[in-house]
Amino acid sequence: MANAPEVYVNGRYLPAGEAHVSFFDWGFQFGDGVYEVISSWQGMMFRLDDHLDRLDASMHAARLDPGLDRAQWRDAVVEVTRRSGLRDAGTRIIVSRGAQPPGTSDLRACRPNVFIAASPYLFLGTEEQRVKGIRLMVAHQRGMPADTLDPRYKHISRLQYNLARIEAAEAGYDDVGWLSHDGSVQEAPRSNLFAVRAGVLQTPAAGILHGITRMPFCELAYELGIPVEVRPLTAFDLFVADEVFTCSTSGAALPVREVSGRSVRAAVPGPITRRLQDAYWRIRAEGRHGTPVGPD
Ligand code: PDD
């Protein structure tokens, strides 16, 4: 049973209705901040330390330091989720730049704000899409190059991603992926991308957020004896793939049945997608890589 939602705000647990951000916070005004989404399934949070490592990297690179050590991060994330009473949850952490103290324009003087909230686990894609697959469009706009805004920041400036989503929705597609300026496949707004060709699992090597779900999919492929290629892919690799799927905390593996008008060759979900998907939910159900978040 879900409890009334409480949000962690800078060290305090507040009812959701009282968890406010200042109008002057740079996160609100300019999308200046970083975030994480961590999933719990049957009371077990998945790969908490991997998420906190990624958060730490994003914050360090973005020069955001709210002053919490690892134990405090772990406690706050687990406690918010435990208080929610949800066994299947998505816990979101937002670290925003904060507001400047009056009288200074120095961004280094901002004190970052930390918000953490747990919501019911929300699957990316409808039940029908998880069975029949989605239609993925290759966006006309290119992804951000690493020398502008490295996609490894898990940042909250989502305008570019949201415009691509809107473009895809208007064209009748379910999701969108984009390429880098040199034509390499990057990722989707909320997921990493995988293709399967002649029994080999392929996923882009660079220009992507290092997805926490992408890791176990590669590890599970090794365990299952499925060869993995982590290398640059182009749109052509997606067009000629036997299977394509998106992969994320909220979507696990979401099969793709069409890429920009080209039908994906194998019936959806393809055999390798299905094997990986089953193996993934098995390790989730076994609580591997898990941190208990209750309730018991
Ligand atoms: N999105 N690429 C991008 C741009 C993402 O935003 C995400 C995650 C991923 C997949 O990463 P992970 O496996 O760690 O979820 C890849 C989260 C789920 C979100 O925005 O809600």
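This is a short tour of a predicted model, with a few residues to select at each stop.

**Stop 1: the ligand**

Start by selecting the ligand and the residues around it. The shell holds 21 residues, and those that come nearest are Tyr35, Glu187, Ile212, Thr213 and Thr249. What kinds of residue make up this shell? Colour them by type and you will find eight nonpolar, seven polar and six charged.

Now switch to a cartoon view and look at where some of the shell comes from. Strand S3 (33-41) gives at least two of its residues, and strand S12 (243-248) also gives at least two. If your viewer can draw pockets, the largest pocket is the space that the ligand takes up.

**Stop 2: three polar side chains at the ligand**

Keep the ligand on screen and show three side chains as sticks. Begin with Thr213, where an N or O atom of the side chain is 2.5 Å from an oxygen atom of the ligand. Move on to Glu187, which has a polar side-chain atom 2.8 Å from a nitrogen atom of the ligand. Then pick Arg158, whose side chain places a polar atom 3.1 Å from a ligand oxygen. How much of the ligand does the protein bury? Taken alone the ligand exposes 480 Å², and the protein buries 95% of that.

**Stop 3: Arg54 in a helix**

Next, select Arg54 in helix H2. Is Arg54 buried or exposed? Its relative accessible area is 11%, so Arg54 counts as buried, the cut-off being under 20%. Show Glu36 as well, and you can draw a 2.9 Å polar contact between the side chains of Arg54 and Glu36.

**Stop 4: Arg97 and its partners**

Follow the chain to Arg97, in the loop between strand S5 (89-96) and strand S6 (113-120). Arg97 is buried too, because its relative accessibility is 14%. What does the side chain of Arg97 reach? One partner is Asp32, with a polar contact of 2.9 Å between the two side chains. Another is the backbone oxygen of Arg63, which the Arg97 side chain reaches at 2.9 Å.

**Stop 5: Arg63 and Ala198**

Stay with Arg63, which sits in the loop between helix H2 (48-61) and helix H3 (70-84). Arg63 counts as exposed because its relative accessibility is 66%. Check its backbone angles: phi is positive, about 55°, although Arg63 is not a glycine. Why stop for this? It is worth a look because most residues other than glycine have a negative phi.

Now jump to Ala198, in the loop between strand S9 (192-197) and strand S10 (200-203). Ala198 also has a positive phi, near 50°. With a relative accessible area of 67%, Ala198 is exposed.

**Stop 6: two prolines**

Select Pro151, in the loop between helix H5 (146-149) and helix H6 (159-170). Pro151 is buried, since its relative accessible area is 6%. Add Ala206 to your selection: these two residues are 55 apart along the chain, and their C-alpha atoms are separated by 8.8 Å.

Finish at Pro269, in the loop between strand S14 (262-263) and helix H9 (271-286). Zoom in on the peptide bond that runs from Val268 to Pro269, which is cis, with omega near -10°. It makes a good last view because most peptide bonds are trans.

Notes
Residues are numbered from 1 along each chain as its sequence is written. This is a predicted model: local features need pLDDT of at least 70, side-chain atom pairs count only at pLDDT 80 or more; totals for chains, interfaces and linings use all residues. Side-chain values use heavy atoms; hydrogens and water are left out. A residue is near a molecule or strand if one of its heavy atoms lies within 4 Å of it. A polar contact is a pair of N or O atoms within 3.5 Å; within protein, one must be able to donate a hydrogen and the other to accept it, and residues adjacent in sequence count only if both atoms are side-chain atoms. Accessible areas come from the Shrake-Rupley method with a 1.4 Å probe; for residues, only the protein chains shown count as cover. On a 1 Å grid over the protein atoms alone, a cavity is a set of points where a 1.4 Å probe fits but cannot get out, and a pocket is an open set with protein on both sides within 12 Å along at least five of seven lines; lining residues have an atom within 4 Å of a point. A molecule sits in a cavity or pocket if more than half of its atoms lie within 2 Å of its grid points. Helices (H or I, at least four residues) and strands (E, at least two) are DSSP runs, numbered from the N terminus. Ala, Val, Leu, Ile, Met, Phe, Trp, Tyr, Cys and Pro count as nonpolar, Asp, Glu, Lys and Arg as charged, and the others, Gly among them, as polar. Buried means under 20% relative accessible area, exposed over 50%, partly exposed in between (1.4 Å probe, protein chains only).
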